[in-house]
Amino acid sequence: MGLLPADDPCSFIGETLDQATDFAARYLSDRAGLSVSAGFLLNRVSREGPARLTTLAIREGISQPSMTQLIQRLERQGLVTRHADPDDGRVALVAITESGQALLDDRTRTRRERLNVLLATLSSEEEFALWLAAHVALPILHRLIRNADSLADDDCDRIGHRAPSSTTGLAPTASVSEPC
């Protein structure tokens with residue numbers, strides 16, 4: 001028998017997020033041509049703007065050598081570029097290219113098309129309930145993301161690197177949320 005919301009809030013929320021992640025990965029995502037790590041990185045740089053490679057490695061939870069390899073691969077594909085930090089010319093910032101943004105936009109469009117097909121299999125009441133739950137959950141998810149990023153910023157501060165948002169002063173190029 002499944003958990004009820006009152007049984008254990010953390011487990012129930014975790015199960016809901018696990019199911020949503022699994023659903024998105026299995027049925028909505030276009031898994032061709034771009035690794036999960038590359039997709040996460042492109043999304044982050046698109047949302048937050050240019051950032052130091054070391055900061056990206058910390059934020060994405062991978063080693064600096066692995067991030068270097070990932071950035072080099074994405075550079076060869078024309079999806080990201082590196083340029084000098086205006087505050088410190090010795091440091092390179094990683095930024096998304098127009099081609100990288102176009103790829104993300106195409107992948108988002110594909111996910112929305114697939115979701116639209118699956119939403120059509122629900123009753124109007126089920127679709128409304130999901131829509132309502134999303135309206136309640138999305139601002140809370142944004143807060144959790146900010147809190148998690150703040151913890152990663154603390155990690156950056158401990159080793160002497162600035163977080164992406166304070167690296168360039170640039171506003172993010174895409175919003176965290178995208179309409180269906």
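This is a short walk through a predicted model, from confidence to core to helix packing. Local features need pLDDT (the predictor's confidence in each residue, from 0 to 100) of at least 70, side-chain atom pairs count only at pLDDT 80 or more, and totals for chains, interfaces and linings use all residues. Residues are numbered from 1 along each chain as its sequence is written, and side-chain values use heavy atoms, without hydrogens and water.

Start with confidence. Mean pLDDT for the chain is 84, with 81% of residues at 70 or more. Among the elements (DSSP runs: helices, H or I, of at least four residues; strands, E, of at least two; numbered from the N terminus), α4 has the highest mean, 96. Helix α7 (residues 164-167) has the lowest, 41. Over residues 163-180, pLDDT stays under 50. Where pLDDT is low, predicted coordinates should not be read in detail.

Now the core. The largest nonpolar core (buried Ala, Val, Leu, Ile, Met, Phe, Trp, Tyr and Cys joined through side-chain atoms within 4.5 Å; buried is under 20% relative accessible area with a 1.4 Å probe, protein chains only) has 18 residues. Leu41, Leu42, Leu56, Met67, Ile71 and Leu74 have the most contacts inside it. Two or more residues each come from α2 (36-48), α3 (53-60), α4 (64-76) and β3 (88-96).

Follow Leu42. Beyond four places in sequence, its contacts (heavy atoms within 4.5 Å) include Leu74, Ile96, Leu103 and Leu104.

Leu42 also serves the packing of α2 on helix α5 (residues 98-119). Their axes (lines fitted to C-alpha atoms over the stretch in contact, with angles from 0 to 180 degrees between N-to-C directions) come within 10 Å and cross at roughly 110°. The two helices are therefore roughly perpendicular (65 to 115 degrees). Leu42, Asn43 and Ser46 of α2 meet Gln101, Leu103 and Leu104 of α5.

Notes. Buried means under 20% relative accessible area, exposed over 50%, partly exposed in between (1.4 Å probe, protein chains only). Angles under 35 degrees count as roughly parallel, over 145 as roughly antiparallel, 65 to 115 as roughly perpendicular and the rest as oblique.
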